[in-house]
Amino acid sequence: MEELFVNMGQIRSLKSTGVLTTVGLGSCVGVTLYDSVAKVGVMGHIFLPTSRGSNGSTITSPGKYADTGIPALIEQAVKLGAQKRRLVAKIAGGANLFPNLNLNSVSIGEQNIAAVIKNLSNHNIPIVGKDVAGNHGRKMRFFVETGRVCVTAIGKEPIEI
Amino acid sequence: MYDAKLDFLRELGNIGTGHATTALSQMLQGKLFQLVVPDARMLPFEEAADFIGGLEQVVAGIFVAVSGDVSGHMAFILPIDSAMTLVRLLTSGQNEELDEMALSALQEMGNIMITSYLNALASMTDMVFAPSVPGIAIDMAGAVWQSVLAGAQAADEVTIIRTDFYADGSAIEGHIIFLPDEEDFVKIARVMGLEDM
């Protein structure tokens, strides 16, 4: 079975079959969109909540930020034959691996989770599964044939979301 | 001037890591550390993401924010086996697992190494480099590295100064990484009389 790896800031997609995998979600949030009728799946690996503050007027990798990444994920899904109104989302990640290090009052992980939820809700896409926050990294595997998403972490039982 | 800048960054990494491993060596009854050639690169974000290999490997990562005249972030990342070997050496073999005591020993060791690294840069440039309290994580290398980059708010291009080292054969290995904020790099260059960079 084909397995595509989604790196930080990337967006990748599959139709009918195969697995989309992202490894090493720390404060990043992995997002999957699925249309179960068209069997279209896309996955993103969101790095920061907003593209504001990035230099340059053109953003080379929209998948890096929640505000540009969610529309780009939807566009990708629609391009492969999904219908926007049928899309459902699953999200994982947004952890704070260094909790005693208060770089910001709200951790980047928490900010990423909030931004992803808000941007999905702006597009009326329901979140049907999530495993977010905490202090541990995660790996996310998305089986496009069924829409199942499996989340694993060091020293924990794998869970399905 | 691109090459000159990278050469200069490599040299900074070499000096910093030299001091850091000397400090560690003193804590470990003089175990000899060897440095691998320091590497400095300015990478597009996508490549910076891949800069640490073995994304699923378990590592110990110690992370600090640097403020003062020069701001940036530093990380000390080592495979879990190396971390355990260090803990055994630091606690005279009393710790066989990664409990609170071991984590705190590792955190303190990372702190001393990072401080030594920054002190070397400070005395060379006569500038202030002040580290924050260190954070420590034991997790997948990808998750640790990604959190370091996010903490540093890595933009479209990332300057990374990395020096690898090993000791005791290769029973202990790791890397020290410095991510200076771009605008502050110019300050260091100016102090060092390398303004054209």
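Which side chains does a polar contact of 3.5 Å join to each other? I looked this up first. The answer is S61(A) and E46(B). A polar contact here is a pair of N or O atoms within 3.5 Å; within protein, one must be able to donate a hydrogen and the other to accept it, and residues adjacent in sequence count only if both atoms are side-chain atoms.

**Entry 1. Ground rules.**
I am working on a predicted model, in which local features need pLDDT of at least 70 and side-chain atom pairs count only at pLDDT 80 or more, while totals for chains, interfaces and linings use all residues. Residues are numbered from 1 along each chain as its sequence is written, chains are lettered from A and ligands numbered from 1 in the order in which they are written, and side-chain values use heavy atoms, with hydrogens and water left out.

**Entry 2. S61(A).**
I placed S61(A) in the loop between β5 (40–46) and α1 (66–79) of chain A. Helices (H or I, at least four residues) and strands (E, at least two) are DSSP runs, numbered from the N terminus. I then checked exposure. S61(A) has a relative accessible area of 12%, so this residue is buried. Buried means under 20% relative accessible area, exposed over 50%, and partly exposed in between (1.4 Å probe, protein chains only). Leaving out residues up to four places away in sequence, I found S61(A) touching G9(A) and E46(B). Contact means heavy atoms within 4.5 Å.

**Entry 3. The interface of chain A and chain B.**
I looked up the extent of the interface. On chain A, 29 residues are in contact with 34 residues of chain B. The two chains bury about 2,400 Å² between them, and 64% of that is on carbon and sulfur atoms. Buried area is the accessible area (1.4 Å probe) that two parts lose on being put together, summed over both. Which three residues supply 25% of the area that chain A buries against chain B? They are M8(A), F98(A) and I154(A), and no other three residues supply more.

Next I went through the polar side. The rule finds nine residue pairs in polar contact across the interface, both at pLDDT 80 or more. On chain A, β3 (19–25) and β8 (138–143) each supply at least two residues of the side that touches chain B. β3(A) gives the most, with three residues. By class, I read 14 nonpolar, twelve polar and three charged residues on this side of chain A. Ala, Val, Leu, Ile, Met, Phe, Trp, Tyr, Cys and Pro count as nonpolar, Asp, Glu, Lys and Arg as charged, and the others, Gly among them, as polar.

**Entry 4. Salt bridges.**
A salt bridge is a side-chain nitrogen of Lys or Arg within 4 Å of a carboxyl oxygen of Asp or Glu. The rule gives nine over all chains. Two of them cross the interface of chain A and chain B. I noted E56(B) with K139(A), at 3.2 Å from N to O.

Within chain A, R138(A) and D131(A) meet at 2.9 Å, N to O. Both residues are buried. R148(A) bridges to E160(A), with the closest N and O atoms 3.2 Å apart. R148(A) lies in strand β9 (residues 148–152) and E160(A) in strand β10 (residues 159–160) of chain A, so the pair ties together parts that are twelve residues apart in sequence. R148(A) is partly exposed, at 36% relative accessible area.

In chain B, I found R41(B) bridged to D39(B), the closest N and O atoms being 2.8 Å apart. Is each partner buried or exposed, or in between? R41(B) is partly exposed at 37%, whereas D39(B) counts as buried at 17%.

**Entry 5. Aromatic pairs.**
I counted six over all chains. Rings of Phe, Tyr and Trp (its six-membered ring) pair if their centres lie within 6.5 Å; planes under 30 degrees apart count as stacked, over 60 as edge-to-face and the rest as tilted.

The ring centres of Y34(A) and F142(A) are 5.7 Å apart and the planes stand at 80 degrees, so this pair is edge-to-face. Y34(A) sits in strand β4 (residues 29–35) and F142(A) in strand β8 of chain A, 108 residues apart. Y34(A) is buried at 7% relative accessible area, and F142(A) is buried at 1%.
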